[in-house]
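Here are some notes on the structure you sent, set out as numbered points. Please read them alongside the sequence and the coordinates.

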Amino acid sequence: MMHFADSLTFSGRKVVAAWAALPFPALSGSSLPDILSAHQQDVPWKLLSSWREQKVSCCFAQSVVLRGICQEKAISCLGQPRSPLHSCESPKQVLQQFLHTQFPGAFSTSHVLQQPCDTRPPFPQFFSPLLTRRGFLLDKAQAYSSGGVESIPVLAALQSCPVLHSLLSGLCRELRAPSVRRCSSFFTAGVEQDDFQEALEELKTLSQCYETGFGASEDEADSD
């Protein structure tokens, strides 16, 4: 994973954010172009970090994997294409076109796998009754319990993105905040004060590598 993250980082950046849609919000019987066309204003995946929810506006590099959208559901039926996504010839091209539209100029790699994620026991059964046994969304709840969900489509992504500026600078602020009990435990464990301060400066420098020049002034002011 470390080497994979390295392939998505450059210009002093060392961290990537993990995102996922579990399950991927696909209506039963809909095509991949139809699904992604419904998310033109926002991407259909969420940040997995415990940091506060943030909208993805841009990224520097990313790797995205979609699995569980069957080949027969990937492309719409014959007829005049309703959008650039509907004119693509394969599921991978659909995903690539979507990523190019959402994140123009970003380095993106994508993979589409037909096999869904297996959710049979002992996978925790926390799914909504609005899911079919194969994890696709329905307009109304099923008669059987959510324990009947046997597999789900999933989208996962690793991104080097500006959201990490807020996350890293926020971590830096928390570590700078006075806390005698926390700091004493650090130093009791053998952490030197100078090493601690140096690590904080490195963390602040790393967070600045994710600035884009827009919306960063507030975070930077807080970190000061």
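1. I begin with W19, which stands opposite L47 of strand β2; please keep in mind throughout that this is a predicted model. The two strands concerned, β1 and β2 (residues 46–47), run antiparallel and are joined by two bridges.

2. Strand β1, spanning residues 17–21, also pairs with β7, again in the antiparallel sense and over five bridges, and within that pairing A17 has Q159 of β7 as its bridge partner. The strand is mostly covered, since four of its five residues are buried.

3. Just beyond β7 (154–160), in the loop that leads to α5 (163–176), lies C161, which counts as buried because its relative accessibility is 1%, under the 20% cut-off. Once its neighbours within four places in sequence are set aside, C161 is in contact with A17 and W19, and also with C58, C59, F60 and Y210. Of these contacts, C58 is 103 residues away from C161 in sequence, yet their C-alpha atoms are 6.6 Å apart.

4. W19 appears again in the largest nonpolar core, which has 36 residues and in which W19, F24, L36, W45, I69 and L155 have the most contacts. Among the elements that give two or more residues to this core are β1, β7, α4 (91–102) and α7 (193–208), while the largest share, five residues, comes from α5. By the domain assignment, at least three residues of this core come from each of domain 1 (1–160) and domain 2 (165–209).

5. A second core, separate from that one, consists of six residues, including F127, V149, I152 and V154.

Technical notes. Residues numbered from 1 in each chain as written. Predicted model: local features only at pLDDT ≥ 70, side-chain atom pairs only at ≥ 80, totals over all residues. Heavy atoms only, no water. Buried < 20%, exposed > 50% of the residue type's maximum accessible area, 1.4 Å probe, protein only. Contact = heavy atoms within 4.5 Å. Pairing = 2+ DSSP bridges. Core = buried A, V, L, I, M, F, W, Y, C linked by side-chain atoms within 4.5 Å. Domains from an automatic or database assignment.
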